[in-house]
Amino acid sequence: MLVTKHVLAASSTHSTPYYMVRGAASGPVMVVTSGVHGNETASMAAAQKLADDCAAGRLFIQRGLLIIIPRVNQKAYDKKIRGNPDLNRTFPRRLSAKAKHPLASAVFRLAREHGPDWWIDLHEANGLSQLSSRVLGQTLITNPGSRAVPACRRIIEHMNHSIANRDRHFNLKQHELPGSARTAAARLLKARSVTVETCWSLKRSVRIKYQTRIVHHFLREAGFI
Ligand SMILES: [Zn+2]
């Protein structure tokens, strides 16, 4: 396994680190992004921990290429804001179209270069989906009819089995969101793409734990570990 650190959008004010984790054998390609919204801190901590765990050999990637961008919108993160404009509405809507933001463009270009089979985008949201179908906290979201749906259902079953408090159980949502990383990855790159949303009113350590376990489940589903 080889872990290398790089800088995305290096020559711009949007520069942010990313990691390439190459398994011992060739295999699938997965992109893990977080911090598309700069104030969703537990998801960013989980993505950084994923990179650190690989670099320290605590997590062994047997095969495939894992690309981790822990804080996509570093500037918004520094200001503790979601980001303006909302970066998750600026990803390209057609392959021939440009992203509406240089950062979304840099992220999408990096992903496209490597032809991802999977793209997991880590976020946080309000509310508990178990209590209201109108909120996104504690959900996995795919595009309608995505090939990622069976894996998401298995992962939700695993997660919910281990969460004693039913109010915190995860649910699946299927939703098209033009301009989002998820929909761009699904429609334009044909990746199995999933948005992970934890509820940010839960304790931070719990949110990091949920995010980390969900990513590990996806790595297992995709054959990385
Ligand atoms: Zn978000």
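## Close-up views of a predicted model

**View A. Ile141 finds its bridge partner in β7, and that partner is Lys173.** Keep in mind that everything shown here comes from a predicted model. Strands β6 and β7 run parallel, and 4 bridges join them. Look along β6 (139-142) and you'll see its side chains split two ways: Thr139 and Ile141 point one way, while Leu140 and Thr142 point the other. All of these side chains are buried. That fits a general habit: in a regular strand, side chains alternate between the two faces of the sheet.

**View B. Zoom out from that strand pair and you get an open sheet of 8 strands.** The order across it is β1-β2-β4-β3-β5-β8-β6-β7, with mixed pairing. The edges belong to β1 (2-8) and β7 (171-174), each of which pairs on one side only. Going from one strand to the next, the twist averages 20°.

**View C. Strands β5 and β8 sit side by side, with helices packed on the sheet around them.** The pairing of β5 with β8 (residues 192-199) is parallel and covers 8 bridges. One spot to pick out is Glu124, whose bridge partner in β8 is Thr198. Helix α6 (residues 204-221) packs on the sheet and touches β3, β4 (63-69), β5, β6 and β8. The direction of α6 makes about 160° with that of β8. Helix α4 (residues 149-161) lies across β5, β6, β7 and β8, and runs at about 160° to β7.

**View D. A zinc ion is held by donors from His37, Glu40 and His123.** The two histidines each offer ND1, and Glu40 is listed twice through its OE atoms; the donors lie 2.0 to 2.3 Å from the zinc ion. Why is the arrangement called irregular? The 4 donor atoms subtend angles of 58 to 147° around the zinc ion, so they don't make a regular arrangement. Along the chain, the donors follow the spacing H-x2-E-x82-H. His37 belongs to the loop between β3 (25-34) and α1 (41-55), whereas His123 sits in strand β5 (residues 118-125). That puts the pair 86 residues apart, linking distant parts of the chain. Both histidines are buried.

**View E. Two cysteines, Cys152 and Cys199, stay unbonded.** A disulfide is a covalent bond between the sulfur atoms of two cysteines. Why don't these two form one? The sulfur of Cys152 is 19 Å from the closest cysteine sulfur, in Cys199, which is too far for a bond. The cut-off for a disulfide here is 2.5 Å, and the count comes to 0. Cys152 is buried, at 0% relative accessibility. Cys199 is buried too, with a relative accessible area of 1%.

**View F. Ile69, in strand β4, is surrounded by contacts from elsewhere in the chain.** Is Ile69 buried or exposed? With 1% relative accessibility, Ile69 counts as buried. Leaving out residues up to four places away in sequence, Ile69 touches a whole list of residues, including Leu8, Tyr18, Val32, Val107 and Leu110. Take Val32: Ile69 and Val32 are 37 residues apart along the chain, but their C-alpha atoms are separated by 6.3 Å.

**View G. Thr212 is a residue of helix α6.** Thr212 counts as buried, at 13% relative accessibility. Setting aside residues up to four places away in sequence, Thr212 touches Ala46 and Lys49.

**View H. The loop between β5 and β6 holds both Gly127 and Gln138.** Gly127 is partly exposed, with a relative accessible area of 26%. Beyond its neighbours within four places in sequence, Gly127 is in contact with Val135, Gly137, Gln138 and Cys199. Measuring from C-alpha to C-alpha, Gly127 and Thr198 are 8.9 Å apart in space, with their places 71 residues apart in the sequence count. Gln138 has a phi near 65°, a positive value in a residue other than glycine. At 0% relative accessibility, Gln138 is buried.

**View I. The loop between α2 (74-79) and α3 (102-114) has a couple of backbone features to spot.** Pro85 is in this loop, and the peptide bond from Asn84 to Pro85 is cis, with omega near 5°. Lys80 is found here too, and its phi is near 60°, again positive in a residue other than glycine. Lys80 counts as exposed, at 69% relative accessibility.

Technical notes. Residues are numbered from 1 along each chain as its sequence is written. This is a predicted model: local features need pLDDT of at least 70, side-chain atom pairs count only at pLDDT 80 or more; totals for chains, interfaces and linings use all residues. Side-chain values use heavy atoms; hydrogens and water are left out. Buried means under 20% relative accessible area, exposed over 50%, partly exposed in between (1.4 Å probe, protein chains only). Donors are N, O and S atoms within 2.8 Å of the metal (3.2 Å for Na, K and Ca); water is not among the atoms, so sites may look incomplete. Four donors count as tetrahedral if all angles lie between 85 and 135 degrees; four count as square planar and six as octahedral if opposite donors are over 155 degrees apart and all others between 65 and 115; anything else is irregular. Two strands pair if DSSP finds at least two bridges between them. Axes are lines fitted to C-alpha atoms, for helices over the stretch in contact, and angles run from 0 to 180 degrees between N-to-C directions. Contact means heavy atoms within 4.5 Å.
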